[in-house]
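Visitor: I've just opened this one on my screen. Could you walk me through it, one question at a time?

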Amino acid sequence: MASVIEFRGVSKVYNNGTEALHNINLKIEEGEFVFVVGSSGAGKSTFVKLITCEERPSKGQLLVAGEDVSKIRKGKIPYVRRKMGIVFQDFRLIEHMTVYDNVAFAMRVVGASGRTIRKRVPYILSLVGLQHKAKHHPNELSGGERQRIGLARALVNNPSLIIADEPTGNIDPALSFEIVDLLSEINRRGTTILMVTHEHSLVKHFHKRIIQIHSGEIVADTADTRPDREPEPDPNFEVTGVVDLDDGTFNDIRIMPENAKPSDYEAIETDGKGERK
Ligand code: ADP
């Protein structure tokens, strides 16, 4: 499988001397769904901004969709960005445009033909369940609906990677599940998804890879199976990772292996070293 994202010894130091990321090594393969978690100031946004080429690594190499973006020329950045769809926490919809035009606009800016746009936009709107709202304006929609438009816009140019930075941060928690359900459906169709989130309930509910960033370093990755990273085994549960559930306290998330339901999850409070409290 090809890597969509590969960090090789990446560090990021901002101009004021803050080291936001330190020696990140990581691969995200085609077709994965990855949650990135961590407390405020951990380095999550910096991690995303390096991938979207809003910031550059200070050290190391970063490959995005086969392109080395660590030293990419400014003029080439739009071509890399076309391979990704970005979903924002604050939706970033154009208020004076209809729902249809918000999505169509994303196609116009990359030079799609009118015919392609007329075929594609209704399809994508139906994929997010909002074909009946095509003529409405964003201010007539609920937060969950607005984010589904954000998702439609991110998807419309058929990107191989979707980056969602706290996409459920501004919507009702109950509707957050709908958004992640939709992202899961999109992932099943082959698109790689990287989602930054604070919401523990979401991370616990969906069985996905979890990368935890703390003070600029990756402190847990459920895809990391090195023996020294494995918490103590429990015969009743498959251990899938260690996650910072409460901004600072570490918990083992233990998940029933087959056909698990949310009620099968058990979060066990630990002292941060893997020992139960
Ligand atoms: P998170 O998204 O997890 O809250 P950030 O990536 O925004 O974390 O921030 C990581 C660290 O880098 C913090 O200490 C933050 O203050 C610092 N930081 C973020 N952006 C900048 C910037 N543009 N200039 C200087 N420091 C920054």
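Visitor: At about what angle does H1 run to strand E1?

Guide: Quick heads-up before the angle: this is a predicted model, where local features need pLDDT of at least 70, side-chain atom pairs count only at pLDDT 80 or more, and totals for chains, interfaces and linings use all residues. Residues are numbered from 1 along each chain as its sequence is written. H1 lies across strand E1 (3-13), E2 and E4; helices (H or I, at least four residues) and strands (E, at least two) are DSSP runs, numbered from the N terminus. Using lines fitted to C-alpha atoms (for helices over the stretch in contact), with angles from 0 to 180 degrees between N-to-C directions, H1 makes an angle with E1 of about 120 degrees.

Visitor: How many of the residues of H1 are buried?

Guide: Buried means 20 or more other C-beta atoms lie within 10 Å of a residue's own, with 12 or fewer it is exposed, and in between partly exposed; the C-beta atoms are placed from the backbone. The buried ones in H1 are Lys44, Thr46, Phe47, Val48, Leu50 and Ile51. So H1 is mostly covered, and the count is 6 of its 8 residues.

Visitor: Which helix gives the largest share of the shell around the ligand?

Guide: A residue belongs to that shell if its C-beta atom, placed from the backbone, lies within 6 Å of the molecule. Among the residues there are Tyr14, Asn16, Gly43, Lys44, Ser45 and Thr46. The largest share, 3 residues, comes from helix H1 (residues 44-51).

Visitor: Which class has 8 residues in the shell around the ligand?

Guide: Ala, Val, Leu, Ile, Met, Phe, Trp, Tyr, Cys and Pro count as nonpolar, Asp, Glu, Lys and Arg as charged, and the others, Gly among them, as polar. The shell has 3 nonpolar and 1 charged residues, while the class with 8 is polar.

Visitor: Which strands are at the edges of the sheet of 4 strands?

Guide: Two strands pair if DSSP finds at least two bridges between them. This open sheet has the order E2-E1-E4-E5, with antiparallel pairing. Each edge strand pairs on one side only, and those are strand E2 (19-29) and strand E5 (67-68).

Visitor: What about the sheet of 6 strands: which strands have a single partner strand?

Guide: That open sheet runs E6-E7-E8-E3-E9-E10, with mixed pairing. Two strands stand at the edges, so one side of each is left without a neighbour in the sheet. They are strand E6 (84-87) and strand E10 (217-221).

Visitor: Why is E8 largely enclosed by the rest of the structure?

Guide: In a regular strand the side chains alternate between the two faces of the sheet. In E8, Thr192, Leu194 and Val196 on one side and Ile193 and Met195 on the other are all buried. Strand E8 (residues 192-196) is largely enclosed because the number of its residues that are buried is 5 of the 5.

Visitor: Is the crossover from E7 to E8 right-handed or left-handed?

Guide: Strand E7 (residues 161-165) pairs with E8 in the parallel sense over 5 bridges. The chain gets from E7 to E8 through helix H6 (residues 173-188). With the strands pointing away from the viewer, a path from the first strand over the helix to the second that runs clockwise counts as right-handed. This β-α-β crossover is right-handed.

Terms used: Two residues are in contact if their C-beta atoms, placed from the backbone, lie within 7 Å.
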